[in-house]
Amino acid sequence: MNYTKRLNEYYAVIFTSERTEGDNGYEEMAKEMDQLVPKQPDFLGAESARNENGYGITVSYWESLDDIKRWKENALHKAAQDKGRKEWYKRYTIRICKVEEERVFHI
């Protein structure tokens, strides 16, 4: 078995959500956020999935808590957050975790 191991600590923001019915501009804003977030300082990457029932999870990775805070306060991201609370989500949860070790397995 072959794997790589990262020992530097970093942070994960885990966003779980349940969508409302209809698009209501969601896909367009999601594309804008997908283009904007990689330009943020010390953004390390993200993974996302949503099922047919509207349940989704997005995990974004950051070097520091300050980087996460800056992203939260980004003006365009704040507009997306506001729209999410008003139109796109029935509910959501945000968890911020410290990742102390990462192992990536290659098969």
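Here are some notes on this predicted model, going from the overall fold to a few side chains worth a look.

1. **The overall layout.** Start with the big picture: the protein chain has 3 helices and 6 strands. Read from the N terminus, the elements go β-β-α-β-β-α-α-β-β. Along its principal axes, the C-alpha trace covers about 45 × 30 × 20 Å.

2. **Inside and outside.** Of the 107 residues in the protein chain, 31% are buried. The chain exposes about 7700 Å², and carbon and sulfur atoms supply 49% of that area. If you take the contacts with a separation of 6 or more, 78% of them are between residues 24 or more positions apart.

3. **The largest nonpolar core.** This core has 15 residues, and the ones touching the most other members are Met-33, Trp-62 and Trp-71. Strand 2, helix 1, helix 2 and helix 3 each put in at least two residues. Helix 1 is the top contributor, with 4 residues. There is another core apart from this one, made of 5 residues, including Tyr-10, Ala-12, Val-59 and Tyr-61.

4. **Trp-62 and its neighbours.** Click on Trp-62 and see what surrounds it. Leaving aside residues up to four places away in sequence, Trp-62 touches Tyr-10, Tyr-11, Val-13, Val-37, Gln-40, Pro-41, Asp-42, Phe-43, Leu-44, Asp-67, Ile-68 and Trp-71.

5. **Helix 2, the buried side.** Helix 2 spans residues 65-73, and Asp-67, Ile-68 and Trp-71 are its buried residues. Looking down the helix axis, these buried residues fall within an arc of 100°, so they line one face of helix 2. What do they pack against? Their partners are strand 2 (10-19), helix 1 (26-36), strand 4 (55-62), helix 3 (75-88) and strand 5 (89-99).

6. **Helix 2, the other side and the start.** Turn the helix round and you find the exposed residues Asp-66 and Lys-69 on the face away from the buried side. At the N-terminal end, Ser-64 acts as the cap of helix 2, with a side-chain oxygen 3.3 Å from the backbone nitrogen of Asp-66.

7. **A salt bridge with one buried partner.** The search of the whole structure turns up 8 salt bridges. One to look at joins Arg-70 and Asp-67, whose closest N and O atoms are 2.3 Å apart. Both residues belong to helix 2 and sit 3 residues apart, about one turn of the helix. Why does Asp-67 count as buried? Its relative accessibility is 2%, and the buried class takes in values under 20%. Arg-70, at 44% relative accessibility, counts as partly exposed.

8. **Two salt bridges along helix 3.** A general reminder first: an α-helix has 3.6 residues a turn, so residues three or four places apart point the same way. In helix 3, Asp-82 and Lys-86 lie 4 residues apart, about one turn, and their side chains meet in a salt bridge of 3.1 Å, N to O. Asp-82 is partly exposed at 31% relative accessibility, whereas Lys-86 is exposed, with a relative accessible area of 64%. The other pair is Lys-83 and Glu-87, also in helix 3 and 4 residues apart. The closest N and O atoms of this salt bridge are 3.4 Å apart. Lys-83 counts as partly exposed at 29% relative accessibility, and Glu-87 counts as partly exposed at 34%. Elsewhere, Glu-18, Lys-90 and Arg-91 are joined into one network by salt bridges that share partners.

9. **Tyr-61, a last stop.** Tyr-61 lies in strand 4. Is this residue buried or exposed? Tyr-61 is buried, with a relative accessible area of 19%, and the cut-off for buried is under 20%. Not counting residues up to four places away in sequence, Tyr-61 touches Tyr-10, Tyr-11, Ala-12, Asp-42, Phe-43, Leu-44, Gly-45, Ala-46 and Glu-47. With Glu-47, the side chain of Tyr-61 makes a polar contact of 2.5 Å. As for Glu-73, 12 residues away along the chain, its C-alpha atom is 16 Å from that of Tyr-61.

How values were computed:
Residues are numbered from 1 along each chain as its sequence is written. This is a predicted model: local features need pLDDT of at least 70, side-chain atom pairs count only at pLDDT 80 or more; totals for chains, interfaces and linings use all residues. Side-chain values use heavy atoms; hydrogens and water are left out. Buried means under 20% relative accessible area, exposed over 50%, partly exposed in between (1.4 Å probe, protein chains only). The arc is that of the directions from the helix axis to the C-beta atoms. Contact means heavy atoms within 4.5 Å. A polar contact is a pair of N or O atoms within 3.5 Å; within protein, one must be able to donate a hydrogen and the other to accept it, and residues adjacent in sequence count only if both atoms are side-chain atoms. A nonpolar core is a set of buried Ala, Val, Leu, Ile, Met, Phe, Trp, Tyr and Cys residues joined through side-chain atoms within 4.5 Å. Accessible areas come from the Shrake-Rupley method with a 1.4 Å probe; for residues, only the protein chains shown count as cover. A salt bridge is a side-chain nitrogen of Lys or Arg within 4 Å of a carboxyl oxygen of Asp or Glu.
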